[in-house]
Amino acid sequence: MEALLVFRVENQGPALPARTASYGAGEARCATGQRAPIEKCYAGPVIGVVVDGAFDYRGRLGRTRATRGAILLGNAGESFECRHLDDAGNRRAVIALNPGLLAEVADDCGLDTADFAVSALSPARETAPLYGLVRRAAGGLKLQEEEVIDFAAAALALGRQTRPAVAAGADQRRIRDVVRHLDTAYAEPCGLDDLAAMGQVSRYHFIRLFRAATGESPRQYLIGARLRAAADRLTDTAEPVTHIAFDVGFNDISHFNATFRRAFGLSPTAWRRTA
């Protein structure tokens, strides 16, 4: 899996992903004291959310009074216009998606284009998950590949119908095989590309089919398998906690302890004492 490169942008246009990254994220600000319309152009596909400020926004596919919580979407090469309502300027969190990843997801969704179908959406409960993910990424939290793919699919679905997931019997059997693989090979590196290849489907379809079969994303299931293995070894052996954590696939003991406590309600040491 390629490393995801995240970098911060101040007083400039949206962040752009490096060639090998799935996304780039950061913040963009418009300076104060600009009342005249400002026209710019998107260099690549971008989703932005308004964190602070208010302005009239016009894109090729729509317009809105952009206030806190509004979602703004731009396709590569599209121009857009902002007109501020006061002298306070605005602050936006943005994610720029790799065009190749967006094209892959669009194809998997049965779309004939990887362009977004809307330019702007007012704040709404339905778009709150998109808002939250953009804020997290712009704040420096590294997103997992499956999160980026789900995010891209959700953004492409805005304003249009997408093809529902249909799992053939062979697909279902292969997904079950992947699940069994994770149950036994949980300590090995399990990248999304490799797991999707085992399922013989695209990454996006793999995530959807896997979630339909297990109720969890591939990464969530993998972490659960590692935690279950750790809990068993804490119960059945006297091995040091650190050794168990590393051996089941965790590479940070603090992360292991926190994740174990969230899953089982006890620290690994307390779990062992009560076994």
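**View 1. Helix α3 and the glycine that follows it.** Just after α3, Gly159 takes a positive phi of about 80°. This is a predicted model, so treat that angle as a computed value. The helix itself covers residues 145–157. Its 13 residues reach 19 Å from first C-alpha to last, close to the 18 Å expected at 1.5 Å a residue. Plenty of side chains to click on here: the buried residues of α3 are Glu145, Glu146, Val148, Ile149, Phe151, Ala152, Ala153, Ala155 and Leu156.

**View 2. Gly191, in the loop between α4 and α5.** Is Gly191 buried or exposed? At 19% relative accessibility it counts as buried, because the cut-off is under 20%. Bring Glu145 of α3 into the frame too. Gly191 and Glu145 sit 46 residues apart in sequence, yet their C-alpha atoms are 9.1 Å apart in space.

**View 3. Helix α6 and its neighbours.** How far apart are the end C-alpha atoms of α6? They are 16 Å apart, and that agrees with the 16 Å its 12 residues (203–214) should span at 1.5 Å a residue. A run of this helix is buried: Arg203, Tyr204, His205, Phe206, Ile207, Arg208, Leu209 and Phe210. The cover over those buried residues includes α1 (99–108), α3, α4 (169–184), α5 (192–199) and α7. Gly215 comes just after α6, with a positive phi of about 85°.

**View 4. The second largest pocket.** This one has a volume of about 270 Å³. It is lined by 15 residues, and the closest to its centre are Gln144, Glu146, Glu147, Arg219 and Gln220. If you're wondering about the chemistry of the lining, it divides into two nonpolar, five polar and eight charged residues. Which helices each supply at least two residues of that lining? They are α3 (145–157), α7 (218–236) and α9 (253–264). Glu146, one of the residues closest to the pocket centre, is also among the buried residues of α3.

**View 5. Zooming back out to the chain.** The close-ups above come from a chain with 10 helices and nine strands. Of its 275 residues, 46% are buried. Take the contacts between residues at least 6 apart in sequence: 69% of them join residues at least 24 apart. As for the surface, the chain exposes about 13,500 Å², and carbon and sulfur atoms supply 50% of it.

Terms used
Residues are numbered from 1 along each chain as its sequence is written. This is a predicted model: local features need pLDDT of at least 70, side-chain atom pairs count only at pLDDT 80 or more; totals for chains, interfaces and linings use all residues. Side-chain values use heavy atoms; hydrogens and water are left out. On a 1 Å grid over the protein atoms alone, a cavity is a set of points where a 1.4 Å probe fits but cannot get out, and a pocket is an open set with protein on both sides within 12 Å along at least five of seven lines; lining residues have an atom within 4 Å of a point. Grid points are joined across faces, edges and corners, and a volume is the space filled by probe spheres set on the points. Helices (H or I, at least four residues) and strands (E, at least two) are DSSP runs, numbered from the N terminus. Ala, Val, Leu, Ile, Met, Phe, Trp, Tyr, Cys and Pro count as nonpolar, Asp, Glu, Lys and Arg as charged, and the others, Gly among them, as polar. The expected span of a helix is 1.5 Å times one less than its number of residues. Buried means under 20% relative accessible area, exposed over 50%, partly exposed in between (1.4 Å probe, protein chains only). Contact means heavy atoms within 4.5 Å. Accessible areas come from the Shrake-Rupley method with a 1.4 Å probe; for residues, only the protein chains shown count as cover.
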